[in-house]
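Visitor: I should like a close look at a single part of this model, with its surroundings described afterwards. Please take the aromatic residues as the point of departure.

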Amino acid sequence: MEQLINMLMVVILLTNLLLLGSSRMGTCIPTLGFQGILLGLALPVLLFLPQGITTHILVLVLITIPLRGILFPFILFRVIRKTNIQREIEPFISYPVSIFLGILALVLAFWMNSRLTGMSVPSLHPLLLPVAFYTILVGLILIVSRKLAINQVLGYIVMENGMYVLGIAFAGEVHLLLELGVLMDVFVAVFVMSIAIYRISREFDHIDVNQLQNLKD
Amino acid sequence: MEDGLILWALLVIPFLGGFCCILSSKGFTIRWIACATVWTMLATAFVSLWIVSIEGAIQAAHGWLFLDMLSSYHVVLLQVVFALSTLFAKSYFPAEIAHNAFNSALLPRYGMLWLSALGAMNLVFVSNNIGIMWVGVEATTLITAFLICIHVTPKSLEAMWKYLIMCSVGVALAFIGTMLVGAAGGNLKGSHSQSLLWTFLYENAGSLNPFFMKMAFLFLVVGYGTKAGFAPMHSWLPDAHSQAPAPVSALFSGFLLSTAFYCIMRYLPLVEMATGKTGWAMDILVFFGLFSIIIAAAFMVFQQDIKRLLAYSSIEHIGIMAVGLGLGGVGTFAALFHLLNHSMGKPLCFFSAGKLVQIYGTNSIYRIKNALKITPVWATGFFLSFLALIGMAPFAIFMSKFQILKAIIEKADYISLALFLFGCAVVFISALRYMLLILWGESEANIHPQKAYKKDIFLVAFPMLVLLILGLFMPEFLQNILQKAANIIQGY
């Protein structure tokens, strides 16, 4: 059991590295969906299995998986199809540098964790916090280092995935109502962002954030 | 039970109004629904303030909804700003439609977004659960994003995208802070569902884990500060304010920033009490406040866009409030008073600027000239409200700035004093220079003088009268309200 959870954590870490290193949206989006399924199904089930599966967990799993695992990737693919953008990612920084930053982020995440442990936080699993921090950091790197608006949305979803883990790590079972509120916000955010991208592509014929520089002092 | 009903009313009525908007198709019906909703909300807000001032804090939904003097004060101000902006929108959009700048077929959708934004902001104020409060703040970002690009232009889309990404990421950081606060209360006794309730944390603030609270506060200030417009996280703000239509800019500046700032106000006493009232969190606020004032002043000197000028002025005022809050004592009181004054003056300023932009067809300060001849009402409104905002004497903003200044002097913090005075002086001089150009400068363009309507005169006169009266004397009931709200922040 313990080994299974450890393996799961490592796989989540690896999906993050894959997101940083891959050059095609065709790889990134399924990876994101896979990460969503891992977070939505495996994590709560494995962590809370000793306490028995409650309706709370069941409802959460039934909502998280369709949302993070299926709907978000579907929306992203749809945006790509609708906007006719090329599927290359176009980073500001090269892929090796991205991976290097990713490894730095991993070190940082474990360092942050080492500062926090022993601070009387009842943690469900020792790897939970570093995985959460790491996923959030990777999301931030994806947001700032990529040129296309769609990659920023992808980064935002990764960051939200990390925050979901963080919520489990810190608060354990958060009240269902709060959890649903957060999920609804994330869903609407992705929805609104994809409409925004669609509008930008219609107006500009591209979705290159680097070229959005009309407004300045 | 009946008390709790009013909390539900504050939440449900705006969304209901928004829903009715999307069902109807005629411009007339939508305007009517919007006005009815907003005026009902205004009445509801005043009733809630009355109940709170008599009975103290009220709760509903097992303590998840909650209204005390601090939030009640904010709720009333929000409804006033909303009512004024809706009134202004009624005269602003028909002119836009006449200029072909706005497609009236989109009216139901924007009516819905407008009223839902009100509902989301009310959710921030009435929720006792700090997680739900976060949900409310994020919801305001998502709902208001499309209000920025009502006029679909490349620039407005760019502004909308920046706003959406920066505020979403910023507010996501605030979520980490919220979770850390939850973790800081991890060893408290009490049922699990209580651990994120603000009232529960407030009662047990002394035994929260100080290290976690400090970490949390950093995330919260940066996160909610992005939305409140603290420098250096402010870069979305001038873009969004300059591209949004005037009623939306007025709402953003008048209360969206304050909504995020309110969240910081809620956390301040928790952090201060957890860390043993050492003033650690308050110093951070003073730092961000002064930094915002200086940055805003620097950008106002060479500004060419009239609405960007006002946006930077908003950053300055949020900075002033942060300084007041960070000083404590008289400063907290003054910061809350300043909030009222700013949300009276700034919307009027944006209304007038919006009308000027509409009449002249340009945002550039150097091309809006001789306004006093062409549109006397709005030029006067712009002149008086901007004069009040930069701190001219008989108006109330002078009083609140003066009180904050007094609080700085009492603390004998001379570096802050120098920075504060320098920033305000630079803003004063540069604003005055632009104002003279706009009002009396020689105009080459041939623009016909505009007719003044009674409604316009009301929109100009009402906020200015409030500012003038409050500047001359402060009524006792307002003093009581402000004092009670300030006491909550200071943790008495």
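Guide: In this predicted model, B:Phe288 counts as buried, because its relative accessibility of 11% falls under the 20% limit. Its neighbour in the pair, B:Phe287, has a relative accessible area of 51% and is therefore exposed, the limit for that class being over 50%. The two rings form an edge-to-face aromatic pair, with 5.6 Å from centre to centre and 70 degrees between the planes.

A pair in chain A has another geometry. The ring centres of A:Phe187 and A:Phe191 lie 6.1 Å apart, and the pair is stacked because the planes stand at 25 degrees, where stacking requires an angle under 30 degrees. Both residues belong to helix 7 of chain A (residues 176-204); being 4 residues apart there, they are separated by about one helical turn. A:Phe187 is partly exposed at a relative accessible area of 28%, and A:Phe191 is likewise partly exposed, at 44%.

Over all chains, the structure holds 25 aromatic pairs. Chain B also contains an aromatic cluster made up of B:Phe88, B:Tyr92, B:Phe93, B:Phe351 and B:Trp378.

Another buried residue of chain B is B:Asn209, with a relative accessibility of 13%. B:Asn209 is found in the loop that runs between helix 7 (198-203) and helix 8 (210-228) of chain B. A polar atom of the B:Asn209 side chain lies 3.0 Å from the backbone nitrogen of B:Phe211.

Helix 8 leads on to the interface between the chains. Here 49 residues of chain B are in contact with 44 residues of chain A. The size of an interface is often given as the accessible area lost when the parts come together. For chain B and chain A, the buried area is about 4,100 Å², of which 76% is on carbon and sulfur atoms. The count of salt bridges between chain B and chain A is 0, while 2 residue pairs are in polar contact across the interface, both at pLDDT 80 or more.

On the side of chain B that touches chain A, at least two residues each are supplied by helix 4 (107-126), helix 5 (130-148), helix 6 (154-184), helix 8, helix 9 (236-243) and helix 12 (306-327) of chain B. Helix 6 of chain B provides the largest share of that side, 19 residues. By class, the side of chain B that touches chain A comprises 32 nonpolar, 10 polar and 7 charged residues.

Terms used: Residues numbered from 1 in each chain as written. Chains lettered and ligands numbered in written order. Heavy atoms only, no water. Buried < 20%, exposed > 50% of the residue type's maximum accessible area, 1.4 Å probe, protein only. Polar contact = N/O pair within 3.5 Å; in protein donor to acceptor, adjacent residues only side chain to side chain. Contact = heavy atoms within 4.5 Å. Buried area = accessible area lost by both parts, 1.4 Å probe. Salt bridge = Lys/Arg side-chain N within 4 Å of Asp/Glu carboxyl O. Nonpolar A, V, L, I, M, F, W, Y, C, P; charged D, E, K, R; others polar. Phe/Tyr/Trp six-rings, centres within 6.5 Å; stacked < 30°, edge-to-face > 60°.
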